[in-house]
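Biologist: Please show me the structure. Then I will ask about its parts, one at a time.

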Amino acid sequence: MCGIVGGVAERNLIPIMLEGLKRLEYRGYDSAGVAIIDAEGTLVRRRSLGKIKALDATIHADDTPIAGQIGIAHTRWATHGVPSEANAHPHFSNDQVAVVHNGIIENYQQLKAQQQAMGYAFTSQTDTEVIGHCVAEHLKQQPDLLKAVQAAIQKFEGAYALGVISVTDPTRLIAARKGSPLVIGVGIGEYFIASDVSALLPVTQNVIFLEEGDVADIRRDALQIYNQQGEPVERQVRVSSLSAAAVELGEHRHYMHKEIFEQPQSVSDTLEGRVTDKTVLVSAFGNQAEALFAGITQVQIIACGTSYHAGLVAKYWFEDILQLPCQVEVASEYRYRNPVVLSNSLFVTISQSGETADTLAALQQVKGRAKQQNLSVPTLTICNAPESSMTRESDLVFLTHAGQEIGVASTKAFSTQLVSLALLLTSIGKVQGRLDAKREGKIVKGLKKLPGLIQNALTHEPTIQALANRFADKHNCLFLGRGTMYPIAMEGALKLKEISYIHAEAYPAGELKHGPLALIDETIPVVAIAPHDDLLEKLKSNLQEVNARGGQMIVFEDEKSNVSSDGTFTVVKTTSNVGRITAPITFNIVLQLLAYHVALIKGTDVDQPRNLAKSVTVE
Ligand code: F6R
């Protein structure tokens, strides 16, 4: 989604804001802009279409680039209005007020009509312009910028994180948050704002997370935060655990490639301190975990995209290994379909960012309903962002220690989500007596082997790279799997479509004959994932169905699968011996590499694919 940076300092903010925007570029990137109040007290702005480097070039094309000690900046991912310079933020009201905004003002059309009738001019198609005009209107009644913003936000329906500056009160930056994340960076004699901590790391690791409804009045040497009721409040300053070095690319060409190769480390980091030799530490889920897990009778998982696929894999595990009912649903459907919330359900959200609007809304909705109906519904988030909204809203938090993920296409977050779900399953099974010590020990042993298994899968990169040539000129592709390999096929198809723009679909292999078999001909590559499991023989028959119809089949198998080919299709051994829990994580690595290499051949923007954003903070 859009990203915000801003600040009040004694130094020129332009380089700081540009660096911050670059670090937020993964959230959205169709256009960007900055506004500062310059030494003459004038509001000056530069905007450009495209990436931050285009904005940087625009600013530095001037003989005397703009400079200022108070400013706001924005990288935009279009929601209302096409990507264009005119729609890029900051938005001005009469060269008096400048605003950057992340979120959606749902009643903007109504406000716009009122403001047009009052004589305000609109120069963009965005919902954001109404914010500036609303603040400007309140400034007419009294010149205090804080009060004007506090009054203005009463009129907005929807979600926002805002940064506002005005020439009428040129030493103050007002920030506000409702439904979209915003952090304040606390420097020495300077303050900053940003959509997430990574943007601030070059200047400070001391941060304050604004809470829902907070408004911050920021001056160079003073900060006061007000809560939703307008009362002054203290918010804790935390030292962020993120480091600036985490965002360096190193020897890799793309973040996605770096993140794929970081997976052995991310997985062992996720396991560290959570398992002993043979056991899982239930307390890793929090002090109350044991008591809460004891009372649950089902698991409800909610997530989006790749995180949803992790949930789907876990459903197979929960029901197969523990015989515990598990439902999994995409958040955007769940939150709007008036679902039945059952008492004694463990409500699990899975999210890399911890800020996905639909997942967060589903969590808030279920909490509200549980309270209203007096239901016992403990909430757990499996999340990669320690300082996110979901971690703050949940009873239990389990952090995936994947490290910061920058590539828009999620890779290492997915593997660590699966590891976390395996630990959750084992913990619940253990607490409820559904899993004996022997089985627990076996799962732990398997998980500990994972970094090595992933390392081994990564050595197959040259083979995958060669196979990628077969996909580059194709328009459609099918991914097949059975059991846990079905969600892995879905994840493989998602990766391919999002970064290579090839249409890819996943099917449970047994479903082929109910329709999709009609698609098969020599123009469609069909990728099948074939571990040696209980379903292998059934899968082999499905593969024959494809082969008989001339499909271009590529089968990824493990060392025990022995899928024999008569030469009409390709079988690649991509992993050593894998078990029920390690197989989906290990096979997925190969599909990540496949998507990456197809995208490389196609020359797409691997880390920032078109139309997509890393953190989807609007619905
Ligand atoms: C795909 C991808 C997305 C995210 C989805 C949820 O590669 O990254 O599908 O998985 O937007 O995001 P989080 O996990 O941050 O809630």
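Modeller: One definition first: buried means under 20% relative accessible area, exposed over 50%, and partly exposed in between (1.4 Å probe, protein chains only). This is a predicted model, where local features need pLDDT of at least 70, side-chain atom pairs count only at pLDDT 80 or more, and totals for chains, interfaces and linings use all residues. Residues are numbered from 1 along each chain as its sequence is written, and side-chain values use heavy atoms, with hydrogens and water left out.

Biologist: How many of the 13 residues of helix α4 are buried?

Modeller: Helices (H or I, at least four residues) and strands (E, at least two) are DSSP runs, numbered from the N terminus. Helix α4 covers residues 129-141 and is largely enclosed by the rest of the structure. Its buried residues include E129, H133 and L139. The number buried is 11.

Biologist: Which elements do the buried residues of α4 pack against?

Modeller: Contact means heavy atoms within 4.5 Å. On that basis, the buried residues of α4 pack against two helices and three strands: α3 (108-117), α5 (145-153), β5 (91-93), β6 (97-105) and β7 (158-166).

Biologist: What area is buried between domain 1 and domain 2?

Modeller: The domains are domain 1 (3-247), domain 2 (250-458) and domain 3 (461-608), with bounds from an automatic or database domain assignment. Between domain 1 and domain 2, 13 residues of the former are in contact with 10 of the latter. Buried area is the accessible area (1.4 Å probe) that two parts lose on being put together, summed over both. Carbon and sulfur atoms give 50% of the area here, which is about 1,100 Å².

Biologist: Which helix gives the largest share of the largest nonpolar core?

Modeller: A nonpolar core is a set of buried Ala, Val, Leu, Ile, Met, Phe, Trp, Tyr and Cys residues joined through side-chain atoms within 4.5 Å. The largest one has 88 residues, and F318 is among those that touch the most other members. The largest share, 12 residues, comes from helix α18 (residues 582-602).

Biologist: Why does this core lie between two domains, and which are they?

Modeller: The core draws residues from two domains, so it lies between them. They are domain 2 and domain 3.

Biologist: Which strands are the edges of the open sheet of 5 strands?

Modeller: Two strands pair if DSSP finds at least two bridges between them. The order is β17-β16-β18-β19-β20, with parallel pairing. An edge strand pairs on one side only. The edges are β17 (326-330) and β20 (396-399).

Biologist: What angle does helix α13 make with β18?

Modeller: Axes are lines fitted to C-alpha atoms, for helices over the stretch in contact, and angles run from 0 to 180 degrees between N-to-C directions. Helix α13 (residues 412-431) packs on the sheet, touching β16, β18, β19 and β20. Its angle with β18 is about 165°.

Biologist: Is C383 buried or exposed?

Modeller: C383 sits in strand β19 (residues 379-383). Its contacts beyond four places in sequence include S351, F398 and T400. Its relative accessibility is 0%, so C383 counts as buried.

Biologist: What is the relative accessible area of E491?

Modeller: E491 belongs to helix α16 (residues 485-500). Leaving out residues up to four places away in sequence, E491 touches T306, H309, S410, F414 and N588. E491 is buried, and its relative accessible area is 0%.
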